[in-house]
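Please study the structure shown here before reading the dialogue. It is meant for a first course in protein structure.

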Amino acid sequence: MTSEISTYKRFSSICFVIFALFISLSFDLNASEPIEPETHGTVSDSSHAAGAHAAKAHDPNAPVDITSIALEHVADSHSWHLWGEGHDAVALPLPIILYSSTKGLQVFSSGRFEHGHASYNGYSLVEEKVISEDPTESIFDISITKNVTQMLFSAILLFFLFTSIAKSYKTQGVTSAPKGKQSFFEPLITFVRDDIAKGNIGHGSDKYVPYLLTVFFMILVNNVFGMIPIGANLTGNIAFTLVLSVATLIITNINGNKNYWSHIFLPHAPKAIWPILIPIEIVGILTKPFALMIRLFANMTAGHIIVISLVGLIFVFKSIYIAPVSVAFALFIDVLECLVAFLQAYVFTMLTALFIGSAVADHNEDGGHNDDDEKLVVKH
Amino acid sequence: MNLFISASLIEPAVGLIFWTTITFILLLILLGKFAWKPILNAIKTREEGIEKALASAESALNDMRELRANNDKILAEARNERDALIKEARDAKDAIINEAKSKAQKDADRILATAREQIINEKNAAVTELKNQVATLSIEIAEKILRSELSSDEKQKALVNNLMKDVNLN
């Protein structure tokens with residue numbers, strides 16, 4: 001049963017990887033062209049383009065570009081857009097932090113860009129990217145974007161939530177039944193500890209429980225925040241999932257024991273196929289967390305895109321009679337996304353535990369069982 | 001342009017990687033120290049407490065069962081003892097009654113024997129006395145008769161004759 005599931009997961013993750021590679025390559029090829037004029041173009045060009053875009057949005061007869069709206073919706077932003085379009089848009093400006101190779105660290109508000117219409121201090125905002133007008137200057141954009149803001153907020157929320165829960169254990173004593181927040185989160189915590197950590201890692205799982213709990217609640221909270229209309233799609237951002245999966249990669253390989261490494265470099269197979277097997281195993285080290293990264297990103301982003309596409313149907317057909325259908329389907333997808341929010345947090349944590357479990361397992365599949373049996377026989 | 005934006009979707013932004021790394025590591029350390037450790041410890045302590053309570057309840061149940069078994073045993077013993085006591089008492093009663101009976105019989109026999117002896121003695125005494133009385137009376141009667149018989153000469157002669165008649169001098 002479990003092997004079937006893991007085979008399916010492996011298969012699906014490989015499909016994801018191939019798909020993602022294909023898409024990224026095709027986009028890179030296509031995207032390399034239009035980037036050129038924009039990076040070298042003048043400010044007036046880009047602001048003109050943005051102005052045209054704004055004018056297009058205001059023209060009621062112009063076709064609505066649902067694709068770019070949907071993609072903008074799931075992407076990160078330098079300001080927190082609340083409601084409205086074009087000049088009526090109400091957005092919260094967020095701080096821009098740049099590390100420039102020539103000017104050093106610079107901090108200013110994203111309001112200076114006036115939604116991409118103005119340049120400030122030699123920088124302009126094109127398609128939510130800060131671009132320097134000086135071609136020799138290379139910049140690292142470490143701005144507090146919408147996603148960063150939500151992440152910091154969720155981190156602070158999680159910190160205060162769980163420290164207050166920890167405090168209630170201290171004040172109420174451990175013998176009393178859990179109350180309030182405690183009674184909601186305790187089952188989740190014990191679920192992560194018992195079913196995810198102990199179930200997949202087995203002996204010595206306690207060491208990894210804090211990591212698994214942090215990952216689980218970080219993803220869960222941000223999945224839920226992402227579903228709130230003005231919330232940011234943090235868990236559907238590949239940078240966020242990349243960091244989490246790299247953390248899993250590091251933890252898995254740091255804790256990998258002799259069996260784990262011997263399974264990779266000394267596989268139980270004829271030596272003739274080692275040249276094929278060893279590279280596959282080495283790639284396997286990377287594909288596992290890579291699949292984690294893509295799975296969470298793709299699931300969350302897909303949900304958001306489906307919802308906005310369904311709502312976008314109203315504008316594509318330019319008919320209010322589509323609205324009930326769109327709303328019904330969007331509601332269905334939203335309810336599904338509620339499930340997915342929990343499911344993806346669970347899947348990410350569970351697979352992380354599974355990878356750690358396979359790295360710290362005491363025995364491999366062939367010889368280990370016999371050794372154990374012998375030990376048992378000796379003991380008895 | 002769409003392709004450009006969608007390419008940025010799967011192109012990780014340096015800024016977000018930077019902030020995620022910092023936030024995540026800090027969150028992991030802080031939550032690990034101030035939240036997960038106390039919470040997990042508390043849950044573990046409580047679980048151990050519950051386990052201990054269950055174990056002690058189990059042992060209490062066993063103790064009670066043992067106690068009840070003991071009680072039953074004691075009760076059975078007491079019942080046996082009571083039965084034994086009752087039996088003993090009955091035996092003792094029977095023995096006492098029997099003894100009393102036999103003693104009474106013996107006494108009665110003895111009294112009867114004494115009475116019988118006394119009666120015989122009394123009877124003998126009475127007979128003796130009667131004999132004496134009869135002898136006295138007989139003598140008195142004989143005297144009176146003799147006196148009347150010998151009151152006149154004729155009578156005396158007649159008597160001598162009579163007596164002489166009886167005496168046959170052969």
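The following exchange concerns a small set of strands and two loop residues.

Mentor: This is a predicted model, in which local features need pLDDT of at least 70 and side-chain atom pairs count only at pLDDT 80 or more, while totals for chains, interfaces and linings use all residues. Residues are numbered from 1 along each chain as its sequence is written, and chains are lettered from A and ligands numbered from 1 in the order in which they are written.

Trainee: Which strands stand at the edges of the open sheet in chain A?

Mentor: Strands are DSSP runs of E with at least two residues, and helices are runs of H or I with at least four, both numbered from the N terminus. Two strands pair if DSSP finds at least two bridges between them. In chain A, three strands form an antiparallel open sheet in the order β5-β6-β7. Each edge strand has a single partner, so one side of it lacks a neighbour in the sheet; these strands are β5 (119–120) and β7 (129–132) of chain A.

Trainee: Which residue of β7(A) is the bridge partner of Tyr123(A)?

Mentor: Strand β6 of chain A covers residues 123–126 and pairs with β7(A) over four bridges, in the antiparallel sense. In β7(A), the partner of Tyr123(A) is Ser132(A).

Trainee: Is Lys318(A) buried or exposed?

Mentor: Lys318(A) lies in the loop between α9 (274–317) and α10 (323–360) of chain A. A residue is buried with 20 or more other C-beta atoms within 10 Å of its own, exposed with 12 or fewer, and partly exposed in between, the C-beta atoms being placed from the backbone. Lys318(A) has 11 such neighbours inside 10 Å, and therefore counts as exposed.
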